[in-house]
Amino acid sequence: MATGTAGEAGRHLWLTLSGLVRRAPAPRGGTIDRRAVTTGEEELTALDEAPRDEERARALSEALSRRAQHDPAFGAGLAQWHQQARELRTGDGETSNEISGGTQHAPVLQGRDFSGINFNTPDAR
């Protein structure tokens, strides 16, 4: 998503993660040792500057994981963000579509995970 390959949805997801990371940490039972737990902002900025750098991506992932362990509210937000990211990722649950034989007299939609689609077409007779 940092590379922009996921289009507008990926850009939105990246902005959502950025907002989550930049929220002030919520201490659990007092204070967070800021020397031991980073907010992830530095790692996020570094990855934003070099989105294809796997080492920077790994550093961000580790920073966010550590923060989630010490900040339950952040952990919940990160889990929700991760679910959204999982839904956006391509390659999960591959699909194969094939149309054969005859002539199609109505719209044909090929893809995966569609819902609420209505073409409002008259019955083709």
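Two rings of Phe, Tyr or Trp, the six-membered ring being taken for Trp, count as a pair if their centres lie within 6.5 Å. By this rule the count for the structure shown here, which is a predicted model, comes to 0 aromatic pairs. An aromatic ring does nevertheless enter the description in another way, since the charged end of Arg67 sits over the ring of Phe74, at 4.1 Å from the centre of that ring.

The overall architecture can be stated briefly. The protein chain contains 4 helices and 0 strands, and the pattern read along the sequence is accordingly written α-α-α-α. Of the 125 residues in the protein chain, 21% are buried, while the area that the chain exposes is about 9,200 Å², with carbon and sulfur atoms supplying 47% of it. As for how the chain meets itself, 53% of the contacts between residues at least 6 apart in sequence join residues that are at least 24 apart.

Helix H3, which spans residues 54-70, is a useful place to begin a closer reading. Ala63 lies in this helix and, because its relative accessible area is 0%, where anything under 20% qualifies, the residue is classed as buried. Once the neighbours within four places in sequence are left aside, Ala63 is in contact with Thr38, Gly40 and Glu43. A further reference point is Glu42, which stands 21 residues from Ala63 along the chain, with 9.4 Å between the C-alpha atoms of the two residues.

The charged side chains give a second route through the model, in which 3 salt bridges are found. One of them joins Arg58 to Glu55, with the closest N and O atoms 2.8 Å apart. These two residues are 3 positions apart in helix H3, so about one helical turn separates them. Their surroundings can be compared through relative accessibility: Arg58, at 41%, counts as partly exposed, whereas Glu55, at 52%, counts as exposed because the threshold for that class is over 50%.

Another salt bridge brings together the side chains of Asp53 and Arg56, with a distance of 3.5 Å from N to O. Here both partners fall in the intermediate class, Asp53 being partly exposed at 29% relative accessibility and Arg56 being partly exposed at 30%.

Where does the salt bridge between Asp71 and Arg67 stand, among buried or exposed residues? Asp71 has a relative accessibility of 2% and therefore counts as buried, and Arg67, also at 2%, counts as buried as well. The closest N and O atoms of this pair are 3.9 Å apart, a separation that still qualifies because the criterion for a salt bridge is a distance within 4 Å. Arg67 thus takes part in two of the arrangements described here, for this residue forms a salt bridge with Asp71 and also places its charged end over the ring of Phe74.

The last stop is on the surface. Leu109, Ile117 and Phe119 form a nonpolar patch there, and together they have about 280 Å² of accessible area. Leu109 is placed in the segment after helix H4, the helix that covers 72-88. With a relative accessibility of 42%, Leu109 counts as partly exposed, and this value meets the requirement for patch membership, because a residue in a patch must have over 30% relative accessible area.

How values were computed
Residues are numbered from 1 along each chain as its sequence is written. This is a predicted model: local features need pLDDT of at least 70, side-chain atom pairs count only at pLDDT 80 or more; totals for chains, interfaces and linings use all residues. Side-chain values use heavy atoms; hydrogens and water are left out. Buried means under 20% relative accessible area, exposed over 50%, partly exposed in between (1.4 Å probe, protein chains only). Rings of Phe, Tyr and Trp (its six-membered ring) pair if their centres lie within 6.5 Å; planes under 30 degrees apart count as stacked, over 60 as edge-to-face and the rest as tilted. A charge sits over a ring if NZ of Lys or CZ of Arg is within 6 Å of the ring centre and within 35 degrees of the ring normal. Contact means heavy atoms within 4.5 Å. Accessible areas come from the Shrake-Rupley method with a 1.4 Å probe; for residues, only the protein chains shown count as cover. Patches are made of residues with over 30% relative accessible area and no salt bridge: like charges are joined within 9 Å, nonpolar side chains (Val, Leu, Ile, Met, Phe, Trp, Tyr) within 5 Å.
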